[in-house]
Amino acid sequence: AEYMGTSLHLVLKLSLVAFRIMSSERAFPHWHGPHGESDIKVHNSLTNSKVPFVTLEPKKIGWYTCGPTVYDSSHMGHARCYVTFDIIRRILQDYFGYDVNYVMNITDIDDKIILRARRNYLVAEYAKATDDLETIYSDASSTFQAMIEKQRQKVDELKEKTVEPRYADDLTAEKQTEALKLENVENEQKTFLSFYQSFKANTLENKEFDEIKAELVKLGKTALAEKLDKEKGSEVTDQEIYKQHSMKYEIEFFNDMRALNVRDPDALTRVTEYVDDIVNFVQKIIDNGYAYASNGSVYFDVAAYHNKNGHQYAKLVPTAISNKKLLEEGEGALSEGKDGEKRSPMDFALWKASKAGEPRWNSKWGMGRPGWHIECSAMASDLLGKQFDVHSGGVDLKFPHHDNELAQSEACWECPQWVNHFWHAGHLHIHGLKMSKSLKNFITIREALENVTARTIRFLFLLTPWNGGMNFSDTSLKEASGKEQTVHEFFLNVQAKLRELGRFELVNQKFTDEDRKYQAKLTQIKGDVTARLSDNFNYPDALDLILQFISDTNKYVVASGAACKTLLLSQASSYVERMMRVFGVIDDGAAGWLSAGAASSQANDERISKIIDVFAAFRDQVRDAAKSQKSNGDILAICDHIRDEIMPDIGVRLEDQPGRG
């Protein structure tokens, strides 16, 4: 059932190679840990356990992270990965004092980019050339129906599919995914037909023809793109189409990252700028006996590599080597190799012979383009060397992408271990399902920022271990917002108390028992937070400790009253602020929590303007209450509303003080 629809010949070949590899030791391979000691322990995907974080050079980190494939707008799944590693990068750099060289790649040529750019171009050209709405309707509706029938057949086949018990959960998830895809395309068809019927019924009289045409093309775009790509995709030869597409979404990606206060990488690599290096890298693998050319493409020879010279394939996910679905996904949607082109179905493309309608570069094997996995091997090796400290990415990249990266690189350099520490950020789920563009259940970063602040999103990620799964939901956002509000009120309270206490030079500074107890808690929190961050960057627990310390601070302020020590309170505030900077909650360049986003005089002017607006509105409410001869209780309720609901939102904290009205 696992290989339904695949020829028996390919099934037998895949099974034979998989059996040979699985027959050998499939536990995690021996990890060649760097020499040295470290108090920091981090979960390493190469061992599936926490290991001492020792780097090749003391206090220096060479770090490569898989960047985005820039074919569409960035979504919250991207945020999960890049905000998470931004937090860890800041912890290592700003808290533990490492010198970090953070390298990111941009995949700017890939099957997804080719398909999306080509289809967008074809639909745009179609819209320019077609003014007959009946033609647009006919083309889209017939294709929608064909897509639905094809997807329904896939769903029906899955209903009959059976697997071993250990694969039952995967099958259930696959059934849910394919059923949702069917539902999505059916909904698109209904929306398209509904709009067209409104046009035919003359209920769109207030719309111009060009408006109606544009909307009809937009609603039918999925179907039109499918039809046009099949008919004319091979005719697209202008490589600038792909370049402009990827450039647009690369710019958008980095704008989104900056909006989330994610720091820029220290170095950036693009596949299209590394083609010659990739060709040379592939040739080294061939020369070492681990790859072969076939019909203008080059494939990695898994059977030749595994167990030769100590090499082991699938280090990260040893049990995934016979997963046909993952192997096919790793080759890309446009991979259609001829029977016999590969020596084994497990072999993967290092260089792909370009078909008509695909971008191409010259090589010794003919016109083609890099395979997906090879790009990272070549680019990371160029900037970080034959061995480096950290490689990171999303957990969904473990197999085959990262496992193939490791195999390629270790085959090229004939080394036992290309990367010392492999880190994988956990999945982000929406309503229990993995976020996916194909499922249309994804939320773009820009859409998310229309409803919640970047600060709230950062708190959301701080609630979950970096390598664990998390769910994006109203409940989790509410929890994140509540913790953010706790920190916000802390800084408002401290600001108000320090203003009340005045200059410490004019007040008795001798410590009381309350002061000593609080000072001990301040000392303890620093050590406890260091211990948590040293244990697999456990920032959720570290944040909880800080929130508890905030509670202790509030109690100290109440208990000490006017005897509260200005210097001690300032130290506590500075520590909490420092940790918020380390976590990236406070924007880089902001003067502090309460001034975050208000670093310019213009921003300060806006804040003052808001205060004036609040005061003017308050004055009007009090005047109206007086004219209406309302009770003192009504007027006090207006005062309380201003104090509790309005002023905190503009960064001002008012507190009633005994004996002061």
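This report covers a four-stranded sheet, the helix lying across it, and the residue S381 in a predicted model.

**The sheet**

Four strands form an open sheet. Their order is β6-β7-β8-β9, and the pairing is antiparallel. Strands β6 and β9 sit at the edges, each pairing on one side only. On average, neighbouring strands here are turned by 20° against each other, direction ignored. In general, strands of a sheet pair through backbone hydrogen bonds, either parallel or antiparallel.

The residue ranges are as follows.

| Strand | Residues |
|---|---|
| β6 | 291-294 |
| β7 | 297-300 |
| β8 | 348-353 |
| β9 | 368-370 |

Strands β8 and β9 run antiparallel and are joined by three bridges. Within this pair, A353 stands opposite G368 of β9.

**The helix across the sheet**

Helix α9 spans residues 275-287. It lies across β6, β7, β8 and β9. Its direction makes an angle of about 130° with β8.

**S381**

S381 belongs to helix α12, which covers residues 372-384. Is S381 buried or exposed? Its relative accessibility is 8%, so S381 counts as buried, the cut-off for buried being under 20%.

Which residues does S381 touch, leaving aside those up to four places away in sequence? They are F281, C376, W413 and W418. With W418 there is also a polar contact between the side chains, at 3.2 Å. Another of these partners, F281, falls within the residue range 275-287 of helix α9. C376, also touched by S381, falls within the range 372-384 of helix α12.

Key. Residues numbered from 1 in each chain as written. Predicted model: local features only at pLDDT ≥ 70, side-chain atom pairs only at ≥ 80, totals over all residues. Heavy atoms only, no water. Helix = DSSP H or I, 4+ residues; strand = E, 2+ residues; numbered from the N terminus. Buried < 20%, exposed > 50% of the residue type's maximum accessible area, 1.4 Å probe, protein only. Polar contact = N/O pair within 3.5 Å; in protein donor to acceptor, adjacent residues only side chain to side chain. Contact = heavy atoms within 4.5 Å. Pairing = 2+ DSSP bridges. Axes fitted to C-alpha atoms, helices over the stretch in contact; angles between N-to-C directions.
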